[in-house]
Amino acid sequence: MVLFSEDHIQETKRRGRIEVICGSMFSGKTEELIRRLKRAKFAKQRVEIFKPAIDTRYSEADVVSHDSHSIASTPIDSSASILLFTSEIDVVGIDEAQFFDSGLIDVCNQLANNGIRVIIAGLDMDFRGIPFGPMPGLCAIADEVSKVHAICVKCGQLASFSHRTVKNDKQVLLGETEEYEPLCRECYQQAIQADQKENGH
Ligand SMILES: Nc1ncnc2c1ncn2[C@@H]1O[C@H](COP(=O)(O)OP(=O)(O)O)[C@@H](O)[C@H]1O
Ligand SMILES: Cc1cn([C@H]2C[C@H](O)[C@@H](COP(=O)(O)O)O2)c(=O)[nH]c1=O
Ligand SMILES: [Zn+2]
């Protein structure tokens, strides 16, 4: 089995493709994105990295992992802006893709069709367990999808769910360990039931 992007032929071939890294919060999506992008830079490929401008958690401009790995990026408001920055580029990285508009799917297809390697990281599900923004569409058009997992903070199994630990119903709520915890399916179900009980449902 090829683990992540260690398929050296695909990694260094200058051919358009779409790679999606998805999973819950704390699953290592950003670390894996940064790892692939740094390797592309070592290979002297021209790399451009984007993140949604609303994601100001750790830095206005850099893409930063929970473990403080970072790489410089361009914050943008709309997926269409990506096309303005990507002439003469070999590799495009996109973090927090769940926050982008649905136009991102077409933008990524256009980039890959023009020979660019596109690497996208994003949350596949929101705190309710519902597919998040353009992520399901991006998984559908991807050449390769890597689902990564955090460790369930309750039982130590693999976690696929991001449980929100504060009362807020909005889909978008920036946060970290104060607001979210990664849980496995079983512990997530239990947590949701406990939340409902607490709210009188
Ligand atoms: N419960 C957890 N399971 C796994 N990693 C965790 C957990 N809590 C904190 N971390 C940290 O989060 C890092 C991954 O951060 P990051 O790549 O930013 O994840 P993501 O982008 O998926 O939220 C791990 O290397 C680890 O240091
Ligand atoms: C589940 C969920 C998360 N968010 C926010 C919280 C964080 O700011 C990001 C996810 O970052 P990570 O790199 O994956 O840790 O998304 C949200 O707005 N809504 C949600 O339902
Ligand atoms: Zn668990």
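Is Phe26 counted as buried, partly exposed or exposed, and at what relative accessibility? Keep that in mind while browsing these close-ups of a predicted model; the legend for the first view has the answer.

**View 1. Phe26 sits in a loop and has a positive phi.**
Welcome to the loop between β1 and α2, which is where Phe26 is placed. With a relative accessibility of 24%, Phe26 counts as partly exposed, because the partly exposed class runs between 20% and 50%. Its backbone deserves a look as well: phi of Phe26 is near 65 degrees, a positive value for a residue that is not glycine. For context, most residues other than glycine have a negative phi. Phe26 also belongs to the residues that come nearest to ligand 1, the subject of the next view.

**View 2. Ligand 1 and its shell of 15 residues.**
Here we turn to the surroundings of ligand 1, where Phe26, Lys29, Thr30, Glu31 and His66 come nearest out of 15 residues. Two backbones take part in polar pairs: an oxygen atom of ligand 1 is 2.8 Å from a polar backbone atom of Phe26, and an oxygen atom of the ligand is likewise 2.8 Å from a polar backbone atom of His66. A side chain joins in at Asp67, whose N or O atom is 3.3 Å from an oxygen atom of ligand 1. On its own, ligand 1 would expose 580 Å², and the protein buries 77% of that area. Among secondary structure elements, α2 (29-42) and β9 (150-151) each provide at least two shell residues, and α2 gives the most, with three. By class, the shell holds six nonpolar, six polar and three charged residues.

**View 3. Ligand 2 and its shell of 19 residues.**
Next comes ligand 2, surrounded by 19 residues, of which His66, Glu96, Phe127, Gln171 and Leu173 come nearest. Readers may recognise His66, which is also listed among the residues nearest to ligand 1. Look for the backbone N or O atom of Leu173, 2.8 Å from an oxygen atom of ligand 2, and for that of Gly175, 3.1 Å from an oxygen atom of the ligand. Arg57 contributes through its side chain, with a polar atom 3.3 Å from an oxygen atom of ligand 2. Taken alone, ligand 2 exposes 490 Å², of which the protein buries 99%. The shell is made up of nine nonpolar, five polar and five charged residues.

**View 4. The largest nonpolar core, with Ile82 among its best-connected members.**
This core has 22 residues, and Ile82, Ile94 and Ile120 touch the most other members. At least two core residues come from each of β1 (17-23), β6 (91-94), α3 (103-113), β7 (117-123) and α4 (135-141). The largest share, five residues, belongs to α3. To trace the packing from one side chain, start at Ile82: beyond its neighbours within four places in sequence, Ile82 is in contact with Phe50, Ile76, Val92, Ile94, Leu104, Val107 and Leu111. A separate core of 13 residues lies apart from this one, and its members include Leu33, Leu37, Val63 and Ile71. In soluble globular proteins, nonpolar side chains tend to be buried together.

**View 5. Glu88, an exposed loop residue with a positive phi.**
We finish in the loop between β5 (74-76) and β6, where Glu88 lies. Phi of Glu88 is near 65 degrees, again a positive value in a residue other than glycine. Glu88 counts as exposed because its relative accessibility is 61%, and the exposed class begins over 50%.

Technical notes: Residues are numbered from 1 along each chain as its sequence is written. Chains are lettered from A and ligands numbered from 1 in the order in which they are written. This is a predicted model: local features need pLDDT of at least 70, side-chain atom pairs count only at pLDDT 80 or more; totals for chains, interfaces and linings use all residues. Side-chain values use heavy atoms; hydrogens and water are left out. A residue is near a molecule or strand if one of its heavy atoms lies within 4 Å of it. A polar contact is a pair of N or O atoms within 3.5 Å; within protein, one must be able to donate a hydrogen and the other to accept it, and residues adjacent in sequence count only if both atoms are side-chain atoms. Accessible areas come from the Shrake-Rupley method with a 1.4 Å probe; for residues, only the protein chains shown count as cover. Helices (H or I, at least four residues) and strands (E, at least two) are DSSP runs, numbered from the N terminus. Ala, Val, Leu, Ile, Met, Phe, Trp, Tyr, Cys and Pro count as nonpolar, Asp, Glu, Lys and Arg as charged, and the others, Gly among them, as polar. A nonpolar core is a set of buried Ala, Val, Leu, Ile, Met, Phe, Trp, Tyr and Cys residues joined through side-chain atoms within 4.5 Å. Buried means under 20% relative accessible area, exposed over 50%, partly exposed in between (1.4 Å probe, protein chains only). Contact means heavy atoms within 4.5 Å.
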